[in-house]
Amino acid sequence: MDNGAEKLARDVDVIEAMSAEMGDYLDSDVLFWPMATGNMPMLTLGGYLMREHRLRALSDQLSETDRARVDAAVKQFNEVLANRIVRFETKANNELEARLRQWQEYLRDLDRGTADKTSNYSTAVETRAMIEALISRLQIPPYQMDKRHLQHLATLDTTLRDRWIPGEFVWPDGWQPAYPKSEDWWLYGSLPSGTNH
(Lines give C-alpha, C1' and ligand atoms only; values in the text may rest on other atoms or scores of the structure.)
Protein backbone atom coordinates (compact mmCIF):
# COMPACT_ATOMS: atom_id res chain seq x y z
CA MET A 1 0.00 0.00 0.00
CA ASP A 2 1.13 3.54 -0.51
CA ASN A 3 1.76 6.28 2.01
CA GLY A 4 -0.02 5.69 5.32
CA ALA A 5 -0.19 9.41 6.18
CA GLU A 6 -1.96 10.18 2.89
CA LYS A 7 -4.43 7.36 3.51
CA LEU A 8 -5.13 8.60 7.04
CA ALA A 9 -5.78 12.10 5.68
CA ARG A 10 -8.21 10.54 3.21
CA ASP A 11 -9.85 8.62 6.08
CA VAL A 12 -10.49 11.95 7.83
CA ASP A 13 -12.32 13.26 4.74
CA VAL A 14 -14.29 10.02 4.41
CA ILE A 15 -15.36 9.76 8.07
CA GLU A 16 -16.46 13.40 8.03
CA ALA A 17 -18.61 12.83 4.92
CA MET A 18 -19.99 9.55 6.30
CA SER A 19 -21.04 11.03 9.64
CA ALA A 20 -22.80 13.90 7.80
CA GLU A 21 -25.02 11.41 5.93
CA MET A 22 -25.34 8.83 8.71
CA GLY A 23 -28.83 9.87 9.86
CA ASP A 24 -30.32 9.53 6.38
CA TYR A 25 -28.43 6.28 5.88
CA LEU A 26 -29.70 4.71 9.10
CA ASP A 27 -33.26 5.83 8.36
CA SER A 28 -33.11 4.12 4.95
CA ASP A 29 -33.32 0.45 4.02
CA VAL A 30 -30.18 0.72 1.87
CA LEU A 31 -27.12 -1.25 3.05
CA PHE A 32 -24.53 0.21 0.64
CA TRP A 33 -25.28 3.94 0.42
CA PRO A 34 -23.85 6.07 -2.43
CA MET A 35 -22.61 9.27 -0.81
CA ALA A 36 -23.56 12.70 -2.12
CA THR A 37 -19.95 13.90 -1.92
CA GLY A 38 -18.06 12.87 -5.04
CA ASN A 39 -15.21 10.36 -5.14
CA MET A 40 -16.11 8.66 -1.86
CA PRO A 41 -16.56 4.98 -1.01
CA MET A 42 -20.06 3.66 -0.34
CA LEU A 43 -21.29 4.57 3.14
CA THR A 44 -21.66 1.51 5.37
CA LEU A 45 -21.38 1.08 9.12
CA GLY A 46 -18.39 -1.23 8.66
CA GLY A 47 -16.59 1.35 6.54
CA TYR A 48 -17.29 4.08 9.07
CA LEU A 49 -16.34 1.99 12.14
CA MET A 50 -13.12 0.69 10.56
CA ARG A 51 -11.99 4.25 9.88
CA GLU A 52 -13.09 5.52 13.30
CA HIS A 53 -11.04 2.78 14.97
CA ARG A 54 -7.97 3.53 12.86
CA LEU A 55 -8.17 7.31 13.27
CA ARG A 56 -8.72 7.08 17.04
CA ALA A 57 -5.85 4.62 17.50
CA LEU A 58 -3.49 6.68 15.34
CA SER A 59 -4.62 10.16 16.43
CA ASP A 60 -1.03 11.07 17.34
CA GLN A 61 -0.24 10.89 13.61
CA LEU A 62 -2.89 13.49 12.74
CA SER A 63 -2.60 17.25 12.76
CA GLU A 64 -4.47 19.12 15.48
CA THR A 65 -6.99 20.27 12.86
CA ASP A 66 -7.61 16.72 11.63
CA ARG A 67 -7.97 15.43 15.21
CA ALA A 68 -10.64 18.07 15.79
CA ARG A 69 -12.40 17.04 12.56
CA VAL A 70 -12.40 13.39 13.64
CA ASP A 71 -13.72 14.29 17.10
CA ALA A 72 -16.53 16.33 15.52
CA ALA A 73 -17.40 13.49 13.12
CA VAL A 74 -17.49 10.90 15.93
CA LYS A 75 -19.62 13.23 18.08
CA GLN A 76 -22.05 13.69 15.19
CA PHE A 77 -22.15 9.91 14.61
CA ASN A 78 -22.88 9.22 18.29
CA GLU A 79 -25.63 11.86 18.36
CA VAL A 80 -27.25 10.27 15.29
CA LEU A 81 -27.06 6.84 16.97
CA ALA A 82 -28.61 8.02 20.23
CA ASN A 83 -32.20 7.55 19.07
CA ARG A 84 -31.54 4.89 16.43
CA ILE A 85 -30.19 2.00 18.50
CA VAL A 86 -32.44 -0.63 16.94
CA ARG A 87 -31.87 0.66 13.40
CA PHE A 88 -28.10 0.62 13.97
CA GLU A 89 -28.16 -2.88 15.43
CA THR A 90 -30.29 -4.26 12.58
CA LYS A 91 -28.21 -2.61 9.87
CA ALA A 92 -24.90 -3.58 11.51
CA ASN A 93 -25.98 -7.24 11.77
CA ASN A 94 -27.15 -7.19 8.14
CA GLU A 95 -23.85 -5.71 6.99
CA LEU A 96 -21.88 -8.17 9.11
CA GLU A 97 -23.67 -11.03 7.38
CA ALA A 98 -22.96 -9.49 3.96
CA ARG A 99 -19.27 -8.86 4.79
CA LEU A 100 -18.83 -12.43 6.05
CA ARG A 101 -20.27 -13.72 2.76
CA GLN A 102 -17.97 -11.35 0.83
CA TRP A 103 -14.90 -12.56 2.77
CA GLN A 104 -15.96 -16.19 2.36
CA GLU A 105 -16.30 -15.66 -1.41
CA TYR A 106 -12.83 -14.12 -1.55
CA LEU A 107 -11.32 -17.10 0.30
CA ARG A 108 -13.22 -19.53 -1.96
CA ASP A 109 -11.98 -17.71 -5.04
CA LEU A 110 -8.43 -18.09 -3.74
CA ASP A 111 -8.97 -21.83 -3.41
CA ARG A 112 -10.40 -22.05 -6.91
CA GLY A 113 -7.68 -19.83 -8.34
CA THR A 114 -10.37 -17.49 -9.67
CA ALA A 115 -9.67 -14.52 -7.38
CA ASP A 116 -9.58 -11.14 -9.09
CA LYS A 117 -5.92 -10.62 -9.94
CA THR A 118 -6.31 -6.84 -9.84
CA SER A 119 -7.11 -6.97 -6.12
CA ASN A 120 -4.28 -8.11 -3.88
CA TYR A 121 -4.59 -9.33 -0.32
CA SER A 122 -3.76 -5.97 1.28
CA THR A 123 -6.80 -4.49 -0.47
CA ALA A 124 -9.14 -7.46 0.00
CA VAL A 125 -8.37 -7.73 3.74
CA GLU A 126 -10.17 -4.43 4.30
CA THR A 127 -13.34 -6.56 4.36
CA ARG A 128 -11.90 -8.54 7.30
CA ALA A 129 -11.08 -5.26 9.11
CA MET A 130 -14.69 -4.09 8.65
CA ILE A 131 -15.94 -7.40 10.05
CA GLU A 132 -13.74 -6.86 13.11
CA ALA A 133 -14.99 -3.29 13.58
CA LEU A 134 -18.65 -4.35 13.31
CA ILE A 135 -18.21 -7.20 15.80
CA SER A 136 -16.40 -4.92 18.25
CA ARG A 137 -19.22 -2.38 18.22
CA LEU A 138 -22.02 -4.98 18.36
CA GLN A 139 -20.46 -6.51 21.48
CA ILE A 140 -20.96 -3.26 23.40
CA PRO A 141 -24.33 -2.99 25.24
CA PRO A 142 -27.10 -2.22 24.45
CA TYR A 143 -26.37 -3.84 21.08
CA GLN A 144 -26.92 -7.53 20.41
CA MET A 145 -25.20 -9.63 17.82
CA ASP A 146 -26.32 -12.85 16.23
CA LYS A 147 -23.85 -15.40 17.68
CA ARG A 148 -23.84 -17.30 14.39
CA HIS A 149 -21.72 -14.47 12.97
CA LEU A 150 -18.92 -15.33 15.42
CA GLN A 151 -19.11 -19.01 14.50
CA HIS A 152 -19.01 -18.15 10.79
CA LEU A 153 -15.97 -15.91 11.30
CA ALA A 154 -14.19 -18.60 13.33
CA THR A 155 -14.67 -21.04 10.43
CA LEU A 156 -13.36 -18.51 7.91
CA ASP A 157 -10.36 -17.68 10.11
CA THR A 158 -9.52 -21.39 10.35
CA THR A 159 -9.61 -21.62 6.56
CA LEU A 160 -7.26 -18.64 6.29
CA ARG A 161 -4.91 -19.87 9.04
CA ASP A 162 -4.52 -23.21 7.26
CA ARG A 163 -2.66 -21.48 4.44
CA TRP A 164 -1.31 -18.39 6.26
CA ILE A 165 2.41 -17.58 6.24
CA PRO A 166 3.22 -15.22 9.15
CA GLY A 167 5.31 -12.26 8.11
CA GLU A 168 5.29 -8.53 7.43
CA PHE A 169 2.40 -6.16 8.17
CA VAL A 170 0.42 -5.77 4.92
CA TRP A 171 -0.66 -2.16 5.50
CA PRO A 172 1.53 0.95 6.04
CA ASP A 173 3.97 0.38 8.92
CA GLY A 174 2.73 3.45 10.79
CA TRP A 175 -0.66 1.78 11.18
CA GLN A 176 0.62 -1.14 13.27
CA PRO A 177 -0.33 0.46 16.63
CA ALA A 178 -4.00 0.33 15.53
CA TYR A 179 -3.77 -3.36 14.66
CA PRO A 180 -1.80 -5.38 17.22
CA LYS A 181 -0.50 -8.67 15.89
CA SER A 182 -1.97 -10.60 18.82
CA GLU A 183 -5.50 -9.58 17.76
CA ASP A 184 -5.19 -8.87 14.05
CA TRP A 185 -2.86 -11.69 12.95
CA TRP A 186 -4.51 -11.68 9.51
CA LEU A 187 -2.69 -8.40 8.74
CA TYR A 188 0.76 -9.86 9.45
CA GLY A 189 1.81 -12.22 6.71
CA SER A 190 0.88 -13.50 3.30
CA LEU A 191 -0.67 -16.33 1.38
CA PRO A 192 1.44 -18.89 -0.49
CA SER A 193 2.52 -17.90 -3.97
CA GLY A 194 0.09 -19.22 -6.49
CA THR A 195 -2.73 -17.66 -4.48
CA ASN A 196 -3.75 -14.06 -4.92
CA HIS A 197 -1.24 -11.98 -2.98
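In the predicted model, arginine 108 and glutamate 105 both belong to helix H4, which spans residues 85-112. The two residues are three places apart, or about one turn of the helix. An α-helix has 3.6 residues a turn, so residues three or four places apart point the same way. The side chains of arginine 108 and glutamate 105 form a salt bridge, with an N to O distance of 3.6 Å. Arginine 108 is partly exposed, at 38% relative accessibility. Glutamate 105 is also partly exposed, with a relative accessible area of 35%.

Side chains of opposite charge can pair when their charged atoms come close. In this model the count is 18 salt bridges. One of them joins aspartate 11 to arginine 54, whose closest N and O atoms lie 2.8 Å apart. Aspartate 11 is part of helix H1 (residues 4-27) and arginine 54 is part of helix H2 (residues 45-57), so this salt bridge ties together parts that are 43 residues apart in sequence. Both aspartate 11 and arginine 54 are buried. The charged end of arginine 54 also sits over the ring of tryptophan 171, at 5.5 Å from the ring centre.

Another salt bridge is formed by arginine 148 and aspartate 146, with 2.5 Å between the closest N and O atoms. Arginine 148 has a relative accessible area of 58% and is exposed. Aspartate 146 is partly exposed, at 24% relative accessibility. Salt bridges also link Asp13, Glu16, Asp66 and Arg69 in a network.

The aromatic side chains give a count of twelve aromatic pairs. Tryptophan 164 and tryptophan 185 make one such pair, arranged edge-to-face, with 6.0 Å from centre to centre and 80° between the planes. This pair links distant parts of the chain, as the two residues are 21 residues apart. Tryptophan 164 is in the loop between helix H7 (147-161) and strand E1 (165-169), whereas tryptophan 185 is in the loop between E1 and strand E2 (188-190). Under 20% relative accessible area counts as buried. Tryptophan 164, with a relative accessible area of 12%, is therefore buried. Tryptophan 185 is likewise buried, at 11% relative accessibility.

Tryptophan 171 and tryptophan 175 form a further edge-to-face pair, with 5.7 Å between the centres and 80° between the planes. Tryptophan 171 and tryptophan 175 are buried. Tryptophan 164 and tryptophan 185 belong to one aromatic cluster together with Trp103, Tyr106 and Tyr121. A charged group also meets tryptophan 185: the charged end of arginine 161 sits over its ring, 4.0 Å from the centre.

Helix H7 contains 15 residues. From its first C-alpha to its last, H7 reaches 21 Å, close to the 21 Å expected at 1.5 Å a residue. The buried residues of H7 are His149, Leu153, Leu156, Asp157 and Leu160. These residues cover an arc of only 105° around the axis, so they lie on the same side of H7. The buried residues of H7 pack against H4, helix H5 (121-124) and helix H6 (126-138). The face of H7 turned away from the buried side carries the exposed residues Lys147, Arg148 and Gln151. Arg148 is the residue described above in a salt bridge with aspartate 146.

Contacts away from the immediate sequence neighbours were also examined for helices H6 and H4. Arginine 137 lies in helix H6. At 16% relative accessibility, arginine 137 counts as buried, because the limit for a buried residue is 20%. With neighbours within four places in sequence left aside, arginine 137 is in contact with Leu49, Glu52, Phe77, Asn78, Leu81, Phe88 and Tyr143.

Glutamate 89 lies in helix H4. The C-alpha atoms of glutamate 89 and leucine 138 are separated by 7.1 Å, although the two residues are 49 residues apart along the chain. Residues up to four places away in sequence not being counted, glutamate 89 touches Leu138, Pro142, Tyr143 and Gln144. Tyr143 is thus among the contacts of glutamate 89 and among those of arginine 137.

Note on methods. Residues numbered from 1 in each chain as written. Predicted model: local features only at pLDDT ≥ 70, side-chain atom pairs only at ≥ 80, totals over all residues. Heavy atoms only, no water. Salt bridge = Lys/Arg side-chain N within 4 Å of Asp/Glu carboxyl O. Helix = DSSP H or I, 4+ residues; strand = E, 2+ residues; numbered from the N terminus. Buried < 20%, exposed > 50% of the residue type's maximum accessible area, 1.4 Å probe, protein only. Phe/Tyr/Trp six-rings, centres within 6.5 Å; stacked < 30°, edge-to-face > 60°. Lys NZ or Arg CZ within 6 Å of the ring centre and 35° of its normal. Expected span 1.5 Å × (residues − 1). Arc of directions from axis to C-beta. Contact = heavy atoms within 4.5 Å.
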